[in-house]
Amino acid sequence: MAERSTAAVDVADSSGERPLTAKADKATADGAEVTNQAGTHERDERAEGAGPARDIRISDLHSGHKLARRYRLEECVTRLDGFSSWRAVDEKLRRAVGVHLLPAEHPRARPVLAAARSAALLGDPRFVQVLDAVEENDLVYVVHEWLPDAVELTTVLASGPMEPHDAYQLVSQVSQAVATAHREGLAHLRLNPGSVLRTESGQYRIRGLAVMAALRGITAENPQRTDTEAIGALLYAALTQRWPYDSNAYGLPGLPKGVGLIAPDQVRAGVHRGLSELAMRALAAGGSTAARQDKACTTPEELAKAVAAMPRVRPPEPAFTPAPGDYPNRHAGYGQQPPHHGRATARPEPVPPPPPLQGRTGRVLKWSVSTLLIAALGLGSWQLADTLLKGRDDDGGTTAAQSNREETSEKPDAQPIPVQDAKGFAPDNNPDYPEKANLSHDGNESTAWRTRSYKDGPKMQLKEGAGILYDLGPGHKLSSATAHLLYAGGHTTMTLYATDSPSTRAPLSSLKKLQTQQTSASTITFSLDTPVATRYVLLWLTELPKSEYDEANYADPGYKQGIREVQFTG
């Protein structure tokens, strides 16, 4: 649970990575040469209504503070070297945004403003967009997009190496985007797994163009070579789940010390040969020695062209295994059973029926048997009619009780329903930490999904609520649900919904409301009188308890709740 939101700004991540060819701690960045000409003393027009100017220190900022009467700070995700980065809410457009803040007198304030304004002019959707860059009240702040549905590449790689097609898409999209930026005179200089995000649609977005480097005071003698080598490192990590240097970084183990750079297909078996060579060509731009005699790619443009010249890496074919007995053996005739496990099975010879009785004795025997059967049938019918008539006159309580006992004995015991998938649900398309939804059913109570920390409560004011949509798979009837909560005390109100739609943005009115429960404990349980056939189940929080700062989950004080584990039965 010690991970930050995937939309958080990763400017503070100094995970021990090799600095590539960039030099740190210099207060310059791309675009900094025009700092004095680019809005040194400008102020945003919207600041006119923000009240009288007053000195604000970074240390005075807190959750709930508003900038320009519009951007409300919610959670600090980075505090380092005189600046801080926050998750905030644009109350005018009712959407989540990210904000970098630093004092106007900070030596990097002017380069940050210049870098942010240059990046904003690029307007390439492959980059996380800069929305605003303002100096007011002795503060400089940069507002950028917040992508709640995106996942850091760091998180993606934590689960293992990427498939060749996914790695191909990564290097293709990132190299093309960075090449476009360099054509406009912009460099990133801090490309790493924390600055690349993957959206639900499989597209990659790059955050911090020029701004990350300016915040950290990073410059480079050859920006194109620096960014090219960084893309090569991303591809190397995607193929091997290792960082291509002798130190650990971004949750990835480094290479053994003293052996130098090893080609990805020598580090791990089954690596795509063409992508392995491409990673080595990009890393050779930083002075590494490639294992094969291919020309090094020294610019993002060259790397993008090399990717385009490769044979296209196709996605893997979906695995499909027909259920046993779904298809007849095409080599067998109608009515024949297919062989099992590839071994031929001997078909038993049919037993011939006994010959019919012949002569007078046979005819007499047939008539005798027929007469007995008719008599037995008549006697049985009479007894059945007599029983029904008596039952109509007598009290039916005993019969009803017996019937109920039979039904109860036939009803199967409740069975656990495993969760197939979980996603953040939000009709306003602004879910709370959707990337952590699957932590609520991973079988580990030390991990959890949680809401954001809200200033107002216990009833949620800023939005309708927050919750998770669970996929139970087809063919289930839900009879109960239990959620183990992250915080006790106060009171938590949760509603259980059922739906057949996988949409995470559907209005609540389109879902079937099953039950609402309220508790001050750390467990909440729903028991349904009648099982409900459904595939998707929503646990929806509308009232949250108030709790203090949660260091383990990086949760600010306020009204918040989380789910450690859920169980469904049917």
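The following dialogue examines how terms are applied to this predicted model.

Mentor: The model is predicted, with local features requiring pLDDT of at least 70 and side-chain atom pairs pLDDT 80 or more, while totals for chains, interfaces and linings use all residues. Residues are numbered from 1 along each chain as its sequence is written, and side-chain values use heavy atoms, leaving out hydrogens and water.

Trainee: What pLDDT does the protein average, and which elements have the lowest and highest means?

Mentor: pLDDT is the predictor's confidence in each residue, from 0 to 100. The protein averages 80, and 74% of the residues score at least 70. Among the elements, strand β1 (residues 22-23) has the lowest mean, 40, and α5 the highest, 97. Residues 325-348 have pLDDT below 50, with 6 contacts beyond near neighbours in sequence; contact means heavy atoms within 4.5 Å. Residues 404-411 are also below 50, with 0 such contacts.

Trainee: How many helices and strands does the protein have, and what makes a run count as one?

Mentor: There are 10 helices and 23 strands. Helices are DSSP runs of H or I with at least four residues, strands are runs of E with at least two, and both are numbered from the N terminus.

Trainee: Why is the pair of F425 and W540 called edge-to-face?

Mentor: Rings of Phe, Tyr and Trp (its six-membered ring) pair if their centres lie within 6.5 Å; planes under 30 degrees apart count as stacked, over 60 as edge-to-face and the rest as tilted. For F425 and W540 the centres are 5.6 Å apart and the planes stand at 90°, so both values satisfy the definition of an edge-to-face pair. The whole structure holds 5 aromatic pairs.

Trainee: What does the pair of F425 and W540 tie together?

Mentor: F425 lies in strand β13 (residues 421-425) and W540 in strand β20 (residues 536-543), so the pair ties together parts 115 residues apart in sequence.

Trainee: How do you know whether F425 and W540 are buried or exposed?

Mentor: Buried means under 20% relative accessible area, exposed over 50%, and partly exposed in between, with a 1.4 Å probe and protein chains only. F425 has 2% and W540 has 2%, so each counts as buried.

Trainee: Why is K560 said to lie over the face of Y487?

Mentor: A charge sits over a ring if NZ of Lys or CZ of Arg is within 6 Å of the ring centre and within 35 degrees of the ring normal. K560 lies over the face of Y487 at 5.3 Å from the ring centre, so the distance meets the limit of 6 Å.

Trainee: Where does K560 lie, and what makes its link to S547 a polar contact?

Mentor: K560 lies in the loop between β22 (558-559) and β23 (562-569), and is buried with a relative accessible area of 0%. A polar contact is a pair of N or O atoms within 3.5 Å; within protein, one must be able to donate a hydrogen and the other to accept it, and residues adjacent in sequence count only if both atoms are side-chain atoms. The side chains of K560 and S547 meet at 2.8 Å, so the distance falls within that limit. The K560 side chain also reaches the backbone oxygen of E548 at 3.0 Å.

Trainee: What makes a set of residues a nonpolar core, and which members touch the most others in the largest one?

Mentor: Such a core comprises buried Ala, Val, Leu, Ile, Met, Phe, Trp, Tyr and Cys residues joined through side-chain atoms within 4.5 Å. In the largest, of 66 residues, L153, M162, L170, V196, W243 and L278 touch the most other members. Helix α5 (residues 223-240) gives the most to this core, with 9 residues.
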